[in-house]
Amino acid sequence: MTRLQKTARAFALLTLSGSALSLSACGQEEESAFAPTCPHVEILGEAADSYQYDGRGLDAGSLVSHASMTGLTGNCEAGPKKSVRTRISVAMDVERGPAAKEQTITLPYFIAVLHDGNIIDKKMFDVPVTFEGNASSAVLRTPVRIIDVPASPELQQTNYALEVGFQLTHAQLDYNRAHLRPANFHEKTN
């Protein structure tokens, strides 16, 4: 995939509003003895970090928070109506900056559903982060989110993928592109 294609897909992921698209599979109600293949799941490198500033500048003294997605856990199984039910939880490291005025911040993130490389749905979530006492950092795992996608008739392949990232503004995405080294996440299976 070219850099232009990746940029276009990242832009589409960040601007696509959540839709009410139904992802239930159609077809015969024949049952299979084998579990369907899980969709490929990854963290979108350009949206793996979220920097929030107070609007006075981009220096350390103006930082409200910095959050990083550090990993994914989950599983999948056969779901209702010929679908694959995927459960996903995101691990995050969050730092509270010197410009933070509140004990709690809210981090918006998304899980996008892609079919053959095209975005067909996007689910938005918020995770509140509370810093206890004088704590300046927190490590957390989001609640498990359930995403159903149609099961492929071919049990060993799927044309669906899920991409996860922080919901960023255009300015935040530009900041990540200009200041951060591209994150590369590698799939680990047990």
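In the predicted model, Ile-43 stands opposite Val-164 of strand β9. This pairing belongs to the contact between β1 and β9, two strands that run parallel and are joined by four bridges. Strand β1 covers residues 40–43, and strand β9 covers residues 160–166. Both strands are part of an open sheet of four strands, in which the order is β1-β9-β5-β6 and the pairing is mixed. The edges of this sheet are formed by β1 and by β6 (118–130), each of which pairs on one side only. From one strand to the next, the twist averages 20°. In general, the strands of a sheet pair through backbone hydrogen bonds, in either a parallel or an antiparallel manner.

Antiparallel pairing is found between β2, β3 and β4. Strand β2 (residues 49–53) is joined to β3 by five bridges, and these two strands run antiparallel. Within this pair, Gln-52 stands opposite Ser-65 in β3. Strand β3 comprises residues 63–79 and is also joined to strand β4 (residues 83–96), in this case by 14 bridges and again in antiparallel fashion. Gly-79 stands opposite Ser-83 in β4. The hairpin of β3 and β4 has three residues between the strands, and Lys-81 in this hairpin takes a positive phi near 50°.

Strand β3 also carries one partner of a disulfide. The count of disulfides in the model comes to one, and this link is formed by Cys-38 and Cys-76, with their sulfur atoms 1.5 Å apart. The link connects distant parts of the chain: Cys-38 lies in the loop between α1 (3–15) and β1, whereas Cys-76 lies in strand β3, and the two cysteines are 38 residues apart. The angle about the S-S bond is -85°, and the link of Cys-38 and Cys-76 is left-handed. The two partners fall into separate classes of exposure. Cys-38 is classed as partly exposed because its relative accessible area is 39%, a value in between the 20% and 50% cut-offs. Cys-76 has a relative accessibility of 18% and therefore counts as buried, since this class takes in values under 20%.

A further buried residue is located after strand β9. Gln-167 occupies the loop between β9 and α2 (170–179). The relative accessible area of Gln-167 is 17%, so this residue is classed as buried. The side chain of Gln-167 makes a polar contact with the side chain of Lys-122, at a distance of 2.7 Å. The residue range of β6, 118–130, places Lys-122 in an edge strand of the four-stranded sheet.

With regard to the overall architecture, the chain contains two helices and nine strands. From the N terminus on, these elements run α-β-β-β-β-β-β-β-β-β-α. The chain has 190 residues, of which 37% count as buried. Among contacts between residues at least 6 apart in sequence, 72% join residues that are at least 24 apart. The accessible surface of the chain comes to about 11,200 Å², and carbon and sulfur atoms account for 51% of this area.

How values were computed: Residues numbered from 1 in each chain as written. Predicted model: local features only at pLDDT ≥ 70, side-chain atom pairs only at ≥ 80, totals over all residues. Heavy atoms only, no water. Disulfide = S-S within 2.5 Å. Buried < 20%, exposed > 50% of the residue type's maximum accessible area, 1.4 Å probe, protein only. Polar contact = N/O pair within 3.5 Å; in protein donor to acceptor, adjacent residues only side chain to side chain. Contact = heavy atoms within 4.5 Å. Areas by Shrake-Rupley, 256 points an atom, 1.4 Å probe, with all protein chains shown as cover. Pairing = 2+ DSSP bridges. Axes fitted to C-alpha atoms, helices over the stretch in contact; angles between N-to-C directions.
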